[in-house]
Amino acid sequence: MSDSSDAEKTEAASPKRLEQAREEGDVPRSREVATFTVLMTAGCSLWFFGAGIVRQLNATMVSGLSMDREQIFNPNAMILRVASDIAQVMLACLPLAIAVMIVALASPLLIGGWLFSSKSFMPKFSKLNPVRGLTNMVSTNALVELLKAIAKTIVVGTIAWMVVMSQKDAVIGLAVEPLKSGSAHMVDLIGSAFLYIVGGLGIVAAIDGPYQIWHYANKLKMTRQEMIQESKESDGNPQIKGKIRQMQREMSQRRMMADVPTADVVVTNPTHYAVALKYADGQRGAPRVVAKGSDEVAARIRELAKENNVALLEAPALARALHKHTEIGDEIPEALYSAVAEVLAYVFQLRAYKKDGGTYPDRPSKLRVPPELDPHDPASQTKPEPKNGATP
């Protein structure tokens, strides 16, 4: 791939990059969507609660203009009266205020979600760069904002003109209506006009919301090189990870080889496999595998066994089964208890012979190894492999 194609941001932002942007306070936002939801809520609330609000405000006004002599000449009584009227006004507008406040707090959930980032409050002196400011003024984003402003002006202006022209007779008729009914009618007219106009803003919001999501995703796109570098930082360099795994294997192999001299017997194939077994006499549990390997590793295990006088026993089927179905430190499978018991019995008899003399023990020749455990037996290809300790 060419360098030019690598420099192009063609890859979608990774979860790590999205999380970093969010930590820095950078999330998709649409002011048009937030403005529309708040204004629409205010209009609907005014539509539903408007008549009740007007009646309560009207009653508060009538009550406020009716004062007795004590209230007029007693400043304390006048202050209490004014405070009571203010409380009545606030109580009348409380449903409208609560609805608007709830929607204003919930509107960020539509795009971007709630976010609090302390990094957003940190000063950025790069924003004081005049060259960058001039660049932003002629950027694509500035052009989009200009087009949105023009579109809002055209849409809102057109709808407002149509609403005013359709309701002009009703507005003129308010002058001859009684005060109470005229006030309620006026609120209905204002509320309906408000909803129509805000509905026009909904068209702009419906376009701006998806655009802001697309613009945000496009802004955070990454190049191929950035993806590779991030993968290296997150998962580690594959070459380094390979060297670490190799070192771990070498350390594990050294520890395994150090345990070979402590084994009771090494079962061999005789050349391809070697498995060292140890039985802790007096402790609960079956014999354990302390070392195993194939080819060169098996040869090294046999050499260490000879150097440390560990018994060697050729039992191809048993060696293959132990190598296939056990790991270092595992107890032998229950299905191999009988065969391994014969091997250990031979080893212990051999030790006794070397120490005290007597009759040389017979080497076990026909060890009972279930066919399904021997990887070279056809039966093992059709039956599932038993786990350690499981009876086949």
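**Legends to close-up views of the predicted model**

**Figure 1. Overview of the protein chain.** The secondary structure of the protein chain comprises 14 helices and 4 strands. The coordinates are those of a predicted model. The chain has 392 residues, of which 29% count as buried. When contacts between residues at least 6 apart in sequence are considered, 74% of them join residues at least 24 apart. The accessible surface amounts to about 25,400 Å², and carbon and sulfur atoms contribute 62% of that area.

**Figure 2. Helix 3 and its kink at Phe49.** Helix 3 spans residues 31–65 and contains 35 residues. Its end C-alpha atoms are only 43 Å apart, whereas a straight helix at 1.5 Å a residue would reach 51 Å. A kink of about 65° is present in helix 3, with its centre on Phe49. Residues of helix 3 that are buried include Glu32, Val33, Thr37 and Thr41. Further along, Gly50, Ile53, Val54, Asn58 and Thr60 are also among the buried residues of this helix. The cover over the buried residues of helix 3 includes helix 5 (75–106), helix 7 (140–166) and helix 9 (179–219).

**Figure 3. Surroundings of Ser192 in helix 9.** Ser192 is located in helix 9. The residue counts as buried because its relative accessibility is 10%, below the 20% limit for burial. A polar atom of the Ser192 side chain lies 2.9 Å from the backbone oxygen of Leu189. With neighbours within four places in sequence left aside, Ser192 is in contact with Trp47 and Gln167.

**Figure 4. Pro287 in the loop ahead of strand 3.** Pro287 occupies the loop between strand 2 (273–278) and strand 3. Its relative accessible area is 9%, and Pro287 is therefore buried. Although Pro287 and Ile332 are 45 residues apart along the chain, their C-alpha atoms are separated by 6.2 Å. Apart from neighbours within four places in sequence, the contacts of Pro287 are Lys278, Tyr279, Asp330, Glu331, Ile332, Val340 and Leu344.

**Figure 5. The buried side chain environment of Lys292.** Lys292 belongs to strand 3 (residues 288–294). With a relative accessibility of 13%, Lys292 counts as buried. Polar atoms of the Lys292 side chain are placed 2.9 Å from the backbone oxygen of His323 and 2.5 Å from the backbone oxygen of Thr326. Both His323 and Thr326 also appear among the contacts of Lys292 when neighbours within four places in sequence are left aside. The other residues in contact with Lys292 on that basis are Met256, Ala274, Val275, Val297, Ile301, Glu327 and Ile328.

**Figure 6. The two sides of helix 12.** Helix 12 (residues 296–307) consists of 12 residues and reaches 17 Å from its first C-alpha to its last, close to the 16 Å expected at 1.5 Å a residue. The buried residues shown in helix 12 are Ala298, Ile301, Arg302, Leu304 and Ala305. Viewed down the axis of helix 12, its buried residues fall within an arc of 165°, so they line one face of the helix. Glu296, Lys306 and Glu307, on the other side of helix 12, are exposed. One of the buried residues, Ile301, is in contact with Lys292 of the preceding view. Asn309 follows helix 12 and has a positive phi, near 60°.

Conventions:
Residues numbered from 1 in each chain as written. Predicted model: local features only at pLDDT ≥ 70, side-chain atom pairs only at ≥ 80, totals over all residues. Heavy atoms only, no water. Helix = DSSP H or I, 4+ residues; strand = E, 2+ residues; numbered from the N terminus. Expected span 1.5 Å × (residues − 1). Bend = angle between axes of the 7 residues up to and from the residue. Buried < 20%, exposed > 50% of the residue type's maximum accessible area, 1.4 Å probe, protein only. Contact = heavy atoms within 4.5 Å. Polar contact = N/O pair within 3.5 Å; in protein donor to acceptor, adjacent residues only side chain to side chain. Areas by Shrake-Rupley, 256 points an atom, 1.4 Å probe, with all protein chains shown as cover. Arc of directions from axis to C-beta.
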